[in-house]
Amino acid sequence: MCRPSPTSPRDFTEEQSQAIDAAVSKAVMDTFDTGEETISIALEPIAKNDWNEQVLAEIFAREDLLIRAPAYGKKK
């Protein structure tokens, strides 16, 4: 059984997008010992009503690869 995501889609300001880019890029560069020229990041808003079908189903279809799973929507 899947429960809906607790959050709604949202738009990020340019400043928020840059903060996400900086934080994620730093984590990837530090972890994989690579340069920023190898990193691409995309943000795609998903409507709340489409979340389970478009995102959660894909996440749990590859559950064996997860190192962190969302606490919501976990199959019981």
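Me: Is Val24 buried, partly exposed or exposed?
Reply: This is a predicted model, and in it Val24 lies in helix 1. Buried would need under 20% relative accessible area and exposed over 50%. Val24 has 36%, so the label that fits is partly exposed.

Me: Which residues form a nonpolar patch on the surface?
Reply: Val24 is one of them, and its 36% relative accessible area is over the 30% that a patch residue needs. Together the members of the patch have about 310 Å² of accessible area. They are Phe12, Val24, Ile41 and Leu43.

Me: What about Ser25, buried or exposed?
Reply: Ser25 is found in helix 1. The relative accessibility of Ser25 is 8%, and the cut-off for buried is under 20%. So Ser25 counts as buried.

Me: And which residues does Ser25 touch, leaving out those up to four places away in sequence?
Reply: One of the two belongs to the nonpolar surface patch, namely Ile41. Contact here means heavy atoms within 4.5 Å. With sequence neighbours up to four places away set aside, Ser25 touches Ile39 and Ile41.

Me: Which residue does Asp30 meet in a salt bridge?
Reply: Look along helix 1, where both partners lie, four residues apart, about one turn of the helix. The N to O distance is 2.5 Å, and the cut-off is 4 Å, so the pair qualifies. The count for the model comes to one salt bridge. The partner of Asp30 is Lys26.

Me: Of that pair, which residue counts as exposed?
Reply: Exposed means over 50% relative accessible area. Lys26 comes in at 48%, so Lys26 is partly exposed. At 52%, the exposed one is Asp30.

Me: Where does Asp33 lie, and what is its phi near?
Reply: Asp33 lies in the loop between helix 1 and helix 2. With 71% relative accessibility, Asp33 counts as exposed. Most residues other than glycine have a negative phi. Asp33 has a positive one, near 50°.

Me: How far is the C-alpha atom of Lys48 from that of Arg10?
Reply: Lys48 sits in the loop between helix 1 (14-32) and helix 2 (51-61). Its relative accessibility is 42%, so Lys48 counts as partly exposed. Along the chain, Lys48 and Arg10 are 38 residues apart. Their C-alpha atoms are separated by 9.9 Å.

Me: Within what arc do the buried residues of helix 2 fall?
Reply: The buried residues in helix 2 are Val55, Leu56 and Phe60. Seen down the axis, they line one face of the helix, because they fall within an arc of 120°.

Me: Which residues are exposed on the other side of helix 2?
Reply: The buried face has Val55, Leu56 and Phe60. Turn to the other side and you find residues that pass the over 50% cut-off. These are Glu53, Glu58 and Ala61.

Me: How many helices and strands does the protein chain have?
Reply: Helix 1 covers 14-32 and helix 2 covers 51-61. The tally for the protein chain is two helices and zero strands.

Me: What share of the accessible surface belongs to carbon and sulfur atoms?
Reply: Of the 76 residues in the protein chain, 12% count as buried. The accessible surface comes to about 6,400 Å². The share that belongs to carbon and sulfur atoms is 52%.

Me: What is the mean pLDDT of the protein chain, and over which residues is the pLDDT below 50?
Reply: The mean pLDDT is 86, and 84% of the residues reach 70 or more. One stretch is below 50, though in the model this stretch has 19 contacts beyond near neighbours in sequence. That stretch is residues 1-6.

Note on methods:
Residues numbered from 1 in each chain as written. Predicted model: local features only at pLDDT ≥ 70, side-chain atom pairs only at ≥ 80, totals over all residues. Heavy atoms only, no water. Buried < 20%, exposed > 50% of the residue type's maximum accessible area, 1.4 Å probe, protein only. Areas by Shrake-Rupley, 256 points an atom, 1.4 Å probe, with all protein chains shown as cover. pLDDT = per-residue confidence, 0-100. Patch = residues over 30% accessible without salt bridge, like charges linked within 9 Å, V, L, I, M, F, W, Y side chains within 5 Å. Salt bridge = Lys/Arg side-chain N within 4 Å of Asp/Glu carboxyl O. Arc of directions from axis to C-beta.
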